[in-house]
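Student: I have a model open and keep meeting labels such as "tilted" and "buried". Could we go through where they come from?

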Amino acid sequence: MSLADELLADLEEAAEEEEGGSYGEEEEEPAIEDVQEETQLDLSGDSVKTIAKLWDSKMFAEIMMKIEEYISKQAKASEVMGPVEAAPEYRVIVDANNLTVEIENELNIIHKFIRDKYSKRFPELESLVPNALDYIRTVKELGNSLDKCKNNENLQQILTNATIMVVSVTASTTQGQQLSEEELERLEEACDMALELNASKHRIYEYVESRMSFIAPNLSIIIGASTAAKIMGVAGGLTNLSKMPACNIMLLGAQRKTLSGFSSTSVLPHTGYIYH
């Protein structure tokens with residue numbers, strides 16, 4: 001064998017070893033969360049508290065209490081020793097951000113409850129006001145008196161003038177029935193709970209945004225404080241996130257929905273929090 005043949009053989013062996021090593025050291029992709037298809041809600045109950053239990057939960061009260069506690073005192077860089085995950089406030093930020101997801105789910109449940117109950121009085125309103133929070137505010141403002149649509153300053157802060165005109169005309173021809181005092185009280189209770197949960201959600205957003213600029217300022221500027229908190233929580237902290245390959249970061253928060261037990265498919269393939 002000539003010298004050239006020996007050199008060529010050595011190069012081929014080295015290339016095979018590098019390929020084998022690269023496969024062995026390949027990073028594992030983050031697991032995609034399996035999400036079961038939502039079951040049918042039982043909206044037959046008289047009170048919204050039978051299906052929406054987050055507002056009265058101990059977990060919700062504890063997280064909101066900790067948020068109010070940390071809002072009153074401004075964190076300083078000199079107080080954080082070692083990795084940022086060691087800071088006591090770090091876990092509160094992650095828990096608070098996860099709580100906003102639960103609040104969103106709870107608001108959807110309450111919206112379905114209100115929509116089901118108020119369809120007796122004004123069934124057409126659902127198609128005229130598709131936004132959930134606008135629908136809830138409109139129901140709270142109108143109640144049994146659909147004549148309030150005309151020249152209502154509070155309603156003008158919720159809906160556009162064009163929508164108010166359509167709602168007013170439709171309300172004058174609706175075939176809906178009057179609600180009893182008890183039914184109206186249950187609806188107002190559900191509306192108040194939804195609006196209070198929404199206010200708590202915005203309070204959490206303000207808190208997370210103010211703290212993420214301190215914990216991860218560069219990341220917050222690039223993708224926003226809320227998204228930064230989400231991917232940091234899923235990755236297991238800033239240290240783990242900094243070591244993660246870029247191709248895996250886009251999968252953080254990806255979900256796979258199980259469809260009626262027949263198949264599993266990704267809601268949006270290879271997309272996570274950053275895509276949304």
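Tutor: Happily! Keep in mind that this is a predicted model. Let's begin with the aromatic rings: the count comes to one aromatic pair, formed by Trp55 and Phe60.

Student: Why is the pair of Trp55 and Phe60 called tilted?

Tutor: The ring centres are 5.3 Å apart, and a pair needs centres within 6.5 Å. The planes make an angle of 45 degrees. Stacked rings need under 30 degrees and edge-to-face rings over 60, so this pair is tilted.

Student: What makes Phe60 buried or exposed?

Tutor: Phe60 has a relative accessible area of 5%. Buried means under 20%, so Phe60 is buried. Trp55 has 27%, which lies between 20% and 50%, so Trp55 is partly exposed.

Student: How do you know whether H2 is oblique to H3?

Tutor: The axes of helix H2 (residues 58-71) and helix H3 (residues 88-118) come within 10 Å and cross at roughly 130 degrees. Roughly perpendicular ends at 115 and roughly antiparallel starts over 145, so H2 is oblique to H3. The crossing is left-handed.

Student: Which residues of H2 meet H3?

Tutor: Met59, Phe60, Ile63, Met64, Lys66, Ile67 and Tyr70 in H2 do, and their partners in H3 include Val92, Leu99 and Ile103. By class, the contact has 11 nonpolar, no polar and four charged residues.

Student: And Ser47, in the loop between strand S1 (33-36) and H2: why is Ser47 counted as it is at 14%?

Tutor: The cut-off for buried is under 20%, so Ser47 at 14% counts as buried. Leaving aside neighbours within four places in sequence, Ser47 is in contact with Phe113, Arg186 and Glu189.

Conventions. Residues numbered from 1 in each chain as written. Predicted model: local features only at pLDDT ≥ 70, side-chain atom pairs only at ≥ 80, totals over all residues. Heavy atoms only, no water. Phe/Tyr/Trp six-rings, centres within 6.5 Å; stacked < 30°, edge-to-face > 60°. Buried < 20%, exposed > 50% of the residue type's maximum accessible area, 1.4 Å probe, protein only. Axes fitted to C-alpha atoms, helices over the stretch in contact; angles between N-to-C directions. Helix = DSSP H or I, 4+ residues; strand = E, 2+ residues; numbered from the N terminus. Parallel < 35°, antiparallel > 145°, perpendicular 65-115°, else oblique. Left-handed = near helix turned anticlockwise from the far one by under 90°. Contact = heavy atoms within 4.5 Å. Nonpolar A, V, L, I, M, F, W, Y, C, P; charged D, E, K, R; others polar.
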